[in-house]
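This report reads a protein model from a few chosen places outward to the whole chain. Please keep the sequence and the three-dimensional view side by side while you follow the text.

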Amino acid sequence: MVNDLAAQSHQEHYPGEVIRAEQLDGNRFLFNCQNGVRLLLHVLSDKILRFRYLTDGPLLPDFSYAVSVDTRPRPAPEQIEFREKPDHYRLTTARLICIIQKESLKTRVLDRSGTILSDDEKGFHWEYDYDTGNDIVKMSKQVPAGVHYYGLGDKPDNMNLRGKRFTNWGSDTYGYTKGSDPLYKNIPFYHVLHQKIAHGIFFDNTFKASFDFAAERADVTSFWAQGGEMNYYFIYGPTLMEVTQEYTLLTCPPELPPLWTLGYHQCKWSYFPESNVKEIAAGLRQRRIPCDALYLDIDYMEGYRCFTWSKEHFPDPKRMVRELADDGFKMVVIIDPGIKIDPEYSVYQEGLANDYFCRRGDGPLMKGSVWPGLCNFPDFTNPTVRDWWAGLFRELVQDIGVKGVWNDMNEPAVFEKGTFPPDVRFHYDGLWASHQKAHNIYGMQMARATAQGMKQFCHPNRPFTITRSTYSGGQRYSSGWTGDNIASWEHLWLANIQCQRLSISGFSFIGSDIGGFVDSPTGELYARWIALGAFHPFFRTHSSGDHGDQEPWSFGDPVTDLARHFIELRYRLLPYMYTTFWQYAEQGLPMLRPLTFLDQNDTETYLRMAEFGLGDNLLVCPITQAGAEGRWMYLPRGDWFYYWTDAPTAGGSEVWAAADLTRIPLFVRAGAVVPMQPVLQYVGEKPIEELTLHVYYKNGTAESVHYDDGGEGYAYQEGQKTVRRFALTGSETGLTLTQAIEGDYQPSYATYRVVLHGLPGPITVSADGQPAVVTEATLETGLTLPSLVVPVSFGEVRVNVVPPVVAKVAAPATPVA
């Protein structure tokens with residue numbers, strides 16, 4: 001007799017004919033097929049549809065680590081119309097039309113003008129996996145001509161994903177290269193751009209998942225997972241920026257970080273003993289290189305035991321941390337998930353006594369070798385374990401004074417074996433699961449528990465955590481970096497792409513190991529890399545110590561000066577960077593924005609990947625080749641100013657950006673108001689007495705924003721914040737700048753120095769109706785420009801260009817007769 005289950009294995013199955021459809025409540029619809037397959041279609045908003053397919057059995061609990069219960073409420077759909085037709089059902093919202101075929105359960109999504117946005121090919125289908133008992137759930141869709149794909153997290157490949165295939169299975173990938181897959185992070189969300197209209201697909205499934213962007217078949221794109229449900233969200237734009245916004249708000253953006261975390265960080269595997277840490281700190285301050293954070297890697301511990309300190313190397317960590325804090329340095333320490341099996345080790349004792357460690361399928365504790373040797377691993381999917389783990393940070397944070405924690409090896413990684421065996425069991429917040437299901441969220445849940453502890457014990461200050469591995473939604477717990485990269489020009493290129501891709505995938509607080517973790521960079525490569533890093537939200541030099549020193553002064557005085565130059569530029573830009581982070585936290589806007597996101601109506605941007613926007617008004621394009629004195633780059637349509645020279649440049653074409661080692665190609669959007677502060681050696685070094693507003697002329701109108709709340713604590717959640725909105729209107733005769741103020745936070749500075757860029761000829765200026773004194777300001781770029789000082793509460797600045805005086809020529813005298 002043929003074993004029915006074995007016979008089903010490796011056979012594809014499809015939904016039967018729809019025999020009944022019902023509206024469960026106002027925005028949920030259930031479609032039942034004759035073979036038991038069901039589709040639960042949830043209209044979350046006018047722009048978001050959730051498709052949840054079930055093959056058999058009861059409707060399982062609706063649980064997601066990505067879509068948090070803390071997700072902000074979204075407006076209810078303005079309208080939902082549901083109609084049955086002879087061969088299909090038709091669901092209509094204010095923005096979308098969704099058609100469900102009766103014969104096959106295939107779906108088609110259109111916008112209200114009738115443009116097809118998404119069209120199933122095979123649609124939902126599945127294959128029974130006899131070895132695991134899971135269904136391999138699959139979805140395939142048609143690929144129309146001219147479509148483009150973006151996103152999917154940290155994939156180290158071209159920005160446009162068409163023609164590629166990728167897998168999400170968090171992996172410790174030391175020294176990865178272009179095209180390596182999978183990597184550390186698991187973000188199953190991507191963008192689709194077709195006919196200049198964008199939508200997104202978020203496949204919320206934590207099993208090993210794969211994505212084919214017309215790689216196997218040029219006319220088909222598909223995604224599938226080795227278990228779980230076919231559960232995905234269709235997210236309508238119609239712009240790429242709106243797709244990222246909707247996804248980020250769905251999975252919940254982070255809280256605002258402390259401002260110091262946006263400063264420069266110095267790290268190495270490893271700084272020890274204490275004298276070495278003090279030497280690095282002194283080297284930064286003596287050379288006047290701004291820095292806010294120093295890091296300790298695994299060698300600060302006693303035998304790599306988490307939550308311990310080496311008595312030999314750090315005999316009095318509390319004193320050391322306090323002394324470094326007195327000089328402005330915040331201490332960040334690494335914590336890995338592996339807990340050394342040692343009966344004398346208190347953390348191990350507690351975990352063992354309370355059954356907090358992961359177990360194999362038949363009951364034994366999961367054992368694996370990492371840095372401490374043989375270890376057990378906490379089950380971070382258990383809320384009780386997360387609470388315990390959070391409590392372990394009391395001494396580190398509350399007593400010793402550590403300001404940040406860095407989670408590594410949390411894919412989870414195990415030496416020799418790669419990761420945990422498939423039969424390891426997890427609590428999964430009460431929904432017991434195997435490692436197959438929990439692997440991709442392990443790092444995220446570790447970061448969650450770490451963030452919980454940091455927030456608990458650093459209060460009333462804000463927490464700071466970093467993670468190597470994460471899943472969708474992990475941005476609400478942690479910042480991140482792109483992993484163990486290499487000191488090469490290719491990896492400088494990859495750092496640019498990966499950070500952009502993560503940013504549009506909801507994870508904006510991201511950076512790379514500047515200079516490369518593996519091998520040693522040349523001075524030129526390090527200088528170019530730190531120039532790029534100055535425009536990434538997470539700004540850290542990190543390296544493996546066995547490849548040599550990698551501090552900013554390790555490459556000779558000329559490179560030291562270059563590093564200082566770009567780090568100082570970053571500190572000047574902190575008000576702008578913090579405002580951009582606020583837009584991310586408040587509105588879900590990506591901090592780094594690929595060129596296509598700046599103008600998706602310009603097809604010239606679709607295959608570009610070097611250029612990116614930082615916030616609303618800056619455009620950056622790194623130099624990623626040795627010996628270059630500049631580069632050709634594409635400027636989006638509109639008017640721009642080259643930051644280093646103030647040269648006005650029209651967009652919509654390629655331009656040459658001259659950039660020796662003292663420059664990175666950097667343009668400012670015409671009409672922008674860019675806030676900058678004086679250079680500090682660290683955030684909070686001294687009160688800021690005056691902020692500079694760089695105002696760039698535009699013949700037209702533009703809006704900018706500046707957010708401020710002091711950069712620390714939670715008073716901003718009680719209203720102690722200020723949003724300043726600037727409106728600029730320019731013409732051939734001058735410009736008008738107005739300010740609207742929301743909130744009552746009072747900064748330390750009482751005045752703005754307004755620096756005017758791009759205005760021709762002499763000018764007269766008034767502020768709030770009164771004549772203002774115009775002086776010359778010499779900038780760090782060497783430019784000398786007109787400026788004026790106004791109160792921070794000003795309402796209007798009016799600038800008039802003085803027309804040139806035309807000399808009158810006397811008429812010739814009439815000859816006397």
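Leu-105 is a buried residue, because its relative accessible area is 2%, and buried here means under 20%. The model in which this residue sits is a predicted one. Leu-105 is placed in the loop between strand S8 (96–101) and strand S9 (107–111), and its phi is near 65°, a positive value in a residue other than glycine. As background, most residues other than glycine have a negative phi, and most peptide bonds are trans. Ala-214 also departs from that pattern, with a phi near 60° although Ala-214 is not a glycine. The loop that holds Ala-214 runs between strand S16 (209–213) and strand S17 (220–225), and Ala-214 counts as buried because its relative accessible area is 11%.

**Two cis peptide bonds**

The peptide bond itself can be looked at in a similar way. Between Gly-237 and Pro-238 the bond is cis, with omega near 5°, and Pro-238 belongs to the loop between strand S18 (230–236) and helix H2 (240–251). Another cis bond joins His-459 to Pro-460, where omega is about 15°; Pro-460 is found in the loop that leads from helix H8 to strand S28 (465–467).

**How covered are the chosen residues?**

The table lists relative accessible areas for several residues discussed in this report.

| Residue | Relative accessible area | Class |
|---|---|---|
| Leu-105 | 2% | buried |
| His-491 | 2% | buried |
| Ser-310 | 4% | buried |
| Ala-214 | 11% | buried |
| Leu-44 | 17% | buried |
| Gly-133 | 41% | partly exposed |

Gly-133 is located in the loop between strand S10 (116–128) and strand S11 (135–142). Although Gly-133 and Gly-227 are 94 residues apart in sequence, their C-alpha atoms are 8.6 Å apart in space.

Leu-44 occupies the loop between strand S4 (38–43) and strand S5 (48–54). Which residues touch Leu-44, once its neighbours within four places in sequence are left aside? The contacts are Arg-50, Arg-74, Pro-75, Pro-77, Tyr-233 and Leu-250. Thr-701, by contrast, is 657 residues from Leu-44 in sequence, and the two C-alpha atoms are 36 Å apart.

Ser-310 is part of the loop between strand S20 (293–296) and helix H4 (317–326). A polar atom of the Ser-310 side chain lies 3.1 Å from the backbone nitrogen of His-313. Beyond the neighbours within four places in sequence, Ser-310 is in contact with Asp-299, Tyr-300, Met-301, Glu-302 and Pro-315.

His-491, in turn, is a residue of helix H9 (residues 489–504). Not counting residues up to four places away in sequence, His-491 touches Tyr-176, Thr-177, Asn-485, Ile-486 and Trp-529.

**A helix and its cover**

Helix H6 (residues 383–391) shows how one element can be covered by others. The buried residues of H6 are Val-385, Arg-386, Trp-388, Trp-389 and Ala-390. The elements that cover these buried residues include strand S21 (330–335), strand S22 (339–340), helix H5 (346–353), helix H7 (394–400) and helix H8 (435–458). At the N-terminal end of H6, Asn-382 acts as a cap, with a side-chain oxygen 2.9 Å from the backbone nitrogen of Thr-384.

**The whole chain**

Seen as a whole, the protein chain has 13 helices and 51 strands. Its C-alpha atoms fill a box of roughly 135 × 75 × 50 Å along the principal axes. The radius of gyration is 29 Å, which agrees with the value near 28 Å for a compact globule of 817 residues. Buried residues make up 62% of the 817 residues. Among contacts between residues at least 6 apart in sequence, 68% join residues that are at least 24 apart.

The accessible surface of the chain comes to about 30,200 Å², and 50% of that area belongs to carbon and sulfur atoms. The chain carries 74 positive and 97 negative side chains, with the centres of the two sets 3 Å apart.

Notes
Residues numbered from 1 in each chain as written. Predicted model: local features only at pLDDT ≥ 70, side-chain atom pairs only at ≥ 80, totals over all residues. Heavy atoms only, no water. Helix = DSSP H or I, 4+ residues; strand = E, 2+ residues; numbered from the N terminus. Rg over C-alpha atoms; globule rule 2.2 N^0.38 Å. Buried < 20%, exposed > 50% of the residue type's maximum accessible area, 1.4 Å probe, protein only. Contact = heavy atoms within 4.5 Å. Areas by Shrake-Rupley, 256 points an atom, 1.4 Å probe, with all protein chains shown as cover. Lys, Arg positive; Asp, Glu negative; His and termini not counted. Charge placed at Lys NZ, Arg CZ, Asp CG, Glu CD. Polar contact = N/O pair within 3.5 Å; in protein donor to acceptor, adjacent residues only side chain to side chain.
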